[in-house]
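Me: Could you take a close look at the salt bridges in this one for me? I'd like to know who pairs with whom, where the partners sit and how open they are to solvent, with a bit of the overall picture at the end.

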Amino acid sequence: MKFFQKQLKGKTKLQLCKNLKKAIVSIFKDIKKIKRNEKIIVLLSPASASYDQYTNFEIRGDEFKKLSRLYAKKFI
């Protein structure tokens, strides 16, 4: 994580989250703050492997889709 912080420092807004759920909740909270007529782009990209949290990328992808749908309904 510190590698990515150093690489991106001063170049873009960066927020580190400890797990997928916290990241998605944070994203939707930020989106909710943005004005409706303002165009935005949100890029969701894992900065590193998540072997400690998921067995494989398919399971992580399924969890990402499930959490995204859930929190989109709550925040948007």
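Reply: **Salt bridges, one by one**

E63 and K66 form a salt bridge, with 3.4 Å between the closest N and O atoms; the term means a side-chain nitrogen of Lys or Arg within 4 Å of a carboxyl oxygen of Asp or Glu. Bear in mind that this is a predicted model, where local features need pLDDT of at least 70 and side-chain atom pairs count only at pLDDT 80 or more, while totals for chains, interfaces and linings use all residues. Numbering starts from 1 along each chain as its sequence is written, and side-chain values use heavy atoms, with hydrogens and water left out.

Both E63 and K66 belong to helix α3, three residues apart, which is about one turn of the helix. Helices here are DSSP runs of H or I with at least four residues, strands are E runs of at least two, and numbering goes from the N terminus. E63 is partly exposed, at 23% relative accessibility; on this scale buried is under 20% relative accessible area, exposed is over 50% and partly exposed is in between (1.4 Å probe, protein chains only).

Helix α3, residues 57-75, also holds D62 and K65, again three residues apart and about one turn of the helix. Their side chains meet in a salt bridge at 3.8 Å, N to O. Both partners are partly exposed: D62 comes out at 48% relative accessibility and K65 at 41%.

Over in helix α2 (residues 20-33), D30 and K33 sit three residues apart, about one turn of the helix. They too form a salt bridge, with 4.0 Å between the closest N and O atoms. D30 is partly exposed because its relative accessible area is 27%, whereas K33 counts as exposed at 68%. This pair doesn't stand alone: K13, D30 and K33 are linked in a network of salt bridges. Searching the whole structure gives four salt bridges.

Now for the charges in general. The protein chain carries 20 positive and 6 negative side chains, and the centres of the two sets are 8 Å apart. For that tally, Lys and Arg count as positive and Asp and Glu as negative, with His and the chain ends not counted; each charge is placed at NZ of Lys, CZ of Arg, CG of Asp or CD of Glu.

As for the frame that carries all this, the protein chain has three helices and zero strands, so from the N terminus on the elements simply read α-α-α. Its C-alpha trace spans about 40 × 35 × 15 Å along the principal axes. Of the 76 residues, 14% count as buried. The protein chain exposes about 6,800 Å², and carbon and sulfur atoms supply 56% of that; the areas come from the Shrake-Rupley method with a 1.4 Å probe, and for residues only the protein chains shown count as cover.

One loop residue is worth a glance too. I40 lies in the loop between α2 and α3 and is partly exposed, with a relative accessible area of 36%. Outside its neighbours within four places in sequence, I40 is in contact with I31 and I34, contact meaning heavy atoms within 4.5 Å. From I40 to K9 is 31 residues in sequence and 21 Å in space, C-alpha to C-alpha. Across the protein chain, 54% of the contacts between residues at least 6 apart in sequence join residues at least 24 apart.
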